[in-house]
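Hi,

Here is the structure I promised to pass on. Have a look at it, and then read on for what I found.

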Amino acid sequence: MSGGVLGDDLEQTGRELPKVSYICGGCGREQKLDKDAVIRCMHCSHRIFYKRREKKLLQYLAR
Ligand SMILES: [Zn+2]
């Protein structure tokens, strides 16, 4: 299994968080996108995003 998954991960957005941070595959900028919003980079109009995994945030939420 290789690391960078494109596209498929976009459908698996978090149910609890209304917005998820994504890394643009074109320019590498981080953006927060709504689940229902059109996925497109506002900087370079790229449509492929990497889903960001925030391990620190998960630790912070866990009691
Ligand atoms: Zn971009």
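**The loop before the last strand**

Let me start with S45, which sits in the loop that links β2 to β3. One thing to keep in mind as you look: this is a predicted model. S45 is not a glycine, yet its phi is positive, at about 65°. Is S45 buried or exposed? It is exposed, because just 10 other C-beta atoms lie within 10 Å of its own, and a count of 12 or fewer puts a residue in that class.

C44 belongs to the loop between β2 and β3 as well. This cysteine is partly exposed, with 13 other C-beta atoms within 10 Å. Which residues does C44 touch, once those up to four places away in sequence are left out? They are C24, G26 and C27. For C27 there is also a distance: its C-alpha atom is 6.7 Å from that of C44, although 17 residues separate the two along the chain.

R40 is another residue of the loop between β2 and β3. It is partly exposed, with 16 other C-beta atoms within 10 Å. Leaving out residues up to four places away in sequence, R40 touches S45 and R47. From C-alpha to C-alpha, R40 and C24 are 8.6 Å apart in space, and they are 16 residues apart in sequence.

**The whole chain**

Stepping back, the protein chain has one helix and three strands. If you read along the sequence, the pattern is β-β-β-α. Of the 63 residues in the chain, 6% are buried. Now take the contacts between residues at least 6 apart in sequence: 33% of them join residues at least 24 apart.

How far can you trust it? The mean pLDDT of the chain is 73, and 56% of the residues reach 70 or more. Confidence is highest in β3, with a mean of 85, and lowest in helix α1 (residues 55–61), with a mean of 56. Where pLDDT is low, the predicted coordinates should not be read in detail. So please go easy on α1, given its mean of 56.

**The sheet**

In what order do the three strands line up? They form an open sheet in the order β2-β1-β3, with antiparallel pairing. β2 and β3 (49–51) are the edge strands, each pairing on one side only. On average, neighbouring strands of this sheet are turned by 45° against each other, direction ignored. As general background, strands of a sheet pair through backbone hydrogen bonds, either parallel or antiparallel.

Let's take the two pairings in turn. β1 and β2 run antiparallel and are joined by five bridges. Two residues of this pairing are worth finding on your screen: S21 stands opposite K32 in β2, and I23 stands opposite E30 in β2. On the other side, β1 pairs with β3, again in the antiparallel sense, over three bridges. I23 turns up here too, with Y50 as its bridge partner in β3.

How many residues of β2 are buried? Of its five residues the number is zero, so this strand lies largely in the open.

**The hairpin turn**

β1 and β2 form a hairpin, and five residues lie between them. One of the turn residues, G28, has a positive phi of about 80°.

G25 is in this loop too, between β1 (19–24) and β2 (30–34). Its surroundings make it partly exposed, with 16 other C-beta atoms within 10 Å. G25 and Y50 are 25 residues apart along the chain, but their C-alpha atoms are separated by 6.4 Å. That is the Y50 of the sheet, the bridge partner of I23.

If you want a place to begin on screen, go for C44 and its contacts with C24, G26 and C27, then follow I23 across to E30 in β2 and to Y50 in β3.

Cheers

Key: Residues are numbered from 1 along each chain as its sequence is written. This is a predicted model: local features need pLDDT of at least 70, side-chain atom pairs count only at pLDDT 80 or more; totals for chains, interfaces and linings use all residues. Helices (H or I, at least four residues) and strands (E, at least two) are DSSP runs, numbered from the N terminus. A residue is buried if 20 or more other C-beta atoms lie within 10 Å of its own, exposed if 12 or fewer, and partly exposed in between; C-beta atoms are placed from the backbone. Two strands pair if DSSP finds at least two bridges between them. Axes are lines fitted to C-alpha atoms, for helices over the stretch in contact, and angles run from 0 to 180 degrees between N-to-C directions. pLDDT is the predictor's confidence in each residue, from 0 to 100. Two residues are in contact if their C-beta atoms, placed from the backbone, lie within 7 Å.
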